[in-house]
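Subject: A structure for you to look at

Hello,

Here is the structure I promised to pass on. Please open it alongside this email, and I will walk you through what turned up.

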Amino acid sequence: MAGKPDNARPLTPSQDTEQNTLELGLIGNCQIGALIDAQARIVWCCLPRFDADPFFSRLMDTQDRGYFSIELQDLADTRQYYQRNTAILCTELTDKYGGRIRINDFCPRFRQFGRAFRPVALVRRVEHLEGTPVIRVKLRPTSEYGAHTPHTTHGSHHIRYIGRNRVTRLTTDASITYVLQESPIVLDGELNFLLGPDESVTESVTTMCQRFHSETATYWQEWVRGLAIPFDWQNAVIRAATTLKLSTFEDTGAVIAAMTTSVPEAADSQRNWDYRYCWLRDAYFVVHALNRLGATATMENYLNYIINLVVGAAEHELQPLYGIGGEARLEEYDVPGLAGYRGMGPVRTGNAAYGQVQHDVYGAVVLAANQAFFDERLARPGDEALFRRLTLLGEQAARLFDKPDAGIWEYRGRARVHTYSSIMCWAACDRLARIAGQLELREDSTRWRQQADRMHEVICHEAWSESRQAFTESFGGDTMDASLLLMHELDFLRADDPRFASTVRAIEAELRRGDHLFRYAAADDFGRPENAFNICTFWYIDALWAIGRQDEARRLFENMLACRNPQGLLSEDLDTANHELWGNFPQTYSMVGLINSALHLSRSWEEAV
């Protein structure tokens, strides 16, 4: 088989029947992220950044490789949870004799020398809790998307994993011989594992890992303490907000859509895409949600990212997505070295959607920047220079709002004048009018208000269907699109506008399946959608709340909370029959939806306390 490493091990019969699932916890530090299963195996981690070659790739494979496990002999029970208000994941394993251990997993992150310390490193601390537990350490990385296996060298306290393009070092206070041989180890104290760059550790690895653990916990607890959370569903919102924070690439300010590539939207659907990039649309929703919680630094970093994109874009025509370093070309390839999630390939790197025309991006950028002109908390408030840059995008929005594009759902085989794209173009001009007013630029404010009003009138005429008594997914169309549930959130229509309520009813009649919503029902390039789209269900909940159906909205929200995995995380899609999660994970869009709905539906602190 092409790309199969020489020392790849077949799965044992018990492993062969074991299926990957999305019951995973996330750790990270805004530079890298890792996904860990209920048995404490690290099954996905790309180094040295989110969109790089996976060092641990088991989530996307069927061979017995691509993971870092600390196995407990005679395992009988597992329990996994986050250390309170942190991104530190704890997994307790218990054997059939009562032996028990705890594995603390995290990526170091804290303030050091007046700046954020976020190395390309993972820390695993293994603690003895009860009895006489016996463990076995297995570290089996891959390189070049499963095409190769790194070879090793070692010293007295470290092992070097040498790939074709990268050397990674494990430093540990465990026996190097036992780790290399995967031999049983009787655990009677604690063991520490630091996986990171090929650099010597100049202090005791035990002391370093303990210090990293303490300081990382303090960082996250202080960050959470600064959030303005709703009274109800506090733990769910904290976990969602922390997940969004972990999905930001702090070096540039980019926000990724998800940590993974190629988890299919539905079983054997071929809808396998790489989401480890920055969609301008998704990123706007992320920074908007974090802003509502008071975490404004993410928005400031993201503004720097998008300003650099605007400056670099040819004639200011923006792509729907970019690399996390601002890369414009993201060529899409199938990688043969990995079999895919549950063997459901292909596994892809890159995303051809970068070359699509999606006009909503102009609104997404202006909306993301909008708060900078009104929020006095920001270190660098918006000024006239930033406004002038944004007006270039407004000109594009006004020119393109009634032209065909691929739409929010990135259809690969057709182009239409999609209503959502048109509304987002309107939003760009509407917000520019507001910003100009804030800056006391009266002529600009008048000009952009007239432009926005003209666009609003055209959209209301062309996208409204008398026969459906609803706004439809495209000009002159007759099918529904869940993105139109955002018309109220975007201030295009008031909540008490009868056209909004009737559009909500038309959408639920066509797209609701049980307690969940599809994004659309019509066939696309891959046939008819099979699973619900989680963010759309949250949009529906918000729309119900807006039109006065609050009890129903709360019930559906509680139902969505029950669909999260054990660690409080959501992927992109959901099987409405068995509530299994599908699609790339964790999906920032979905976590944004949870936060926004909680903020809408929660009791106020004043009425609850």
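To start with the strands: over how many bridges do strand β8 and strand β11 pair, and in which sense? The answer is seven bridges, in the antiparallel sense, with β8 covering residues 100-106 and β11 covering residues 122-130. Please keep in mind throughout that this is a predicted model.

**Strands around β11**

If you want a place to begin looking, find Asp105, whose bridge partner in β11 is Arg124. Strand β11 also pairs with strand β17 (residues 190-197): six bridges join them, and the two run antiparallel. Here Leu122 has Leu195 of β17 as its bridge partner.

A salt bridge also ties β11 to β17. Arg125 and Glu190 form it, with their closest N and O atoms 2.9 Å apart. Arg125 sits in strand β11 and Glu190 in strand β17, so this pair links distant parts of the chain, 65 residues apart. The two partners differ in how they are covered: Arg125 is buried, with a relative accessible area of 8%, whereas Glu190 is partly exposed at 28%.

**Two other strand groups**

Strand β5 (residues 67-72) is worth a look as well. Five of its six residues are buried, so the strand is largely enclosed by the rest of the structure. Its partner is strand β12 (residues 134-140), and the two pair in the antiparallel sense over six bridges. Within this pairing, Ile70 stands opposite Val137 of β12.

Further along the chain, β28, β29 and β30 form an open sheet in that order, with antiparallel pairing. Its edge strands, β28 (532-533) and β30 (581-582), each pair on one side only. Two bridges join β29 (residues 573-574) to β30, and Leu574 has Leu581 in β30 as its bridge partner.

**A covered helix**

Next, helix α4, which runs over residues 234-246. From its first C-alpha to its last it reaches 18 Å, close to the 18 Å expected for its 13 residues at 1.5 Å a residue. The helix is mostly covered, with eleven of the 13 residues buried; among them are Ile238, Arg239, Leu244 and Lys245. Lys245 also forms a salt bridge with Glu250, the closest N and O atoms being 3.7 Å apart. Both Glu250 and Lys245 are buried.

**More salt bridges**

The count for the model comes to 52 salt bridges. One of them joins the side chains of Arg555 and Asp515, at 3.2 Å from N to O. This pair, too, links distant parts of the chain, 40 residues apart: Arg555 is in helix α13 (residues 550-562), and Asp515 is in the loop between β26 (512-513) and β27 (516-517). Arg555 is partly exposed, with a relative accessible area of 41%. There is also a network of salt bridges that links Arg79, Glu92, Arg100, Arg102, Glu127 and Glu130.

**Cavities**

Finally, the inside. How many cavities of 30 Å³ or more does a search of the whole structure find? It finds six. The largest has a volume of about 330 Å³. Of the 24 residues that line the largest cavity, Glu265, Tyr275, Trp409, Glu410 and Arg519 lie nearest its centre. By class, that lining has twelve nonpolar, two polar and ten charged residues.

The second largest cavity has a volume of about 90 Å³. Its lining has 13 residues, and the closest to its centre are Glu265, Arg519, Pro529, Glu530 and Asn531. By class, five of them are nonpolar, two polar and six charged in the full lining.

Enjoy exploring!

Conventions: Residues are numbered from 1 along each chain as its sequence is written. This is a predicted model: local features need pLDDT of at least 70, side-chain atom pairs count only at pLDDT 80 or more; totals for chains, interfaces and linings use all residues. Side-chain values use heavy atoms; hydrogens and water are left out. On a 1 Å grid over the protein atoms alone, a cavity is a set of points where a 1.4 Å probe fits but cannot get out, and a pocket is an open set with protein on both sides within 12 Å along at least five of seven lines; lining residues have an atom within 4 Å of a point. Grid points are joined across faces, edges and corners, and a volume is the space filled by probe spheres set on the points. Ala, Val, Leu, Ile, Met, Phe, Trp, Tyr, Cys and Pro count as nonpolar, Asp, Glu, Lys and Arg as charged, and the others, Gly among them, as polar. Two strands pair if DSSP finds at least two bridges between them. Helices (H or I, at least four residues) and strands (E, at least two) are DSSP runs, numbered from the N terminus. Buried means under 20% relative accessible area, exposed over 50%, partly exposed in between (1.4 Å probe, protein chains only). The expected span of a helix is 1.5 Å times one less than its number of residues. A salt bridge is a side-chain nitrogen of Lys or Arg within 4 Å of a carboxyl oxygen of Asp or Glu.
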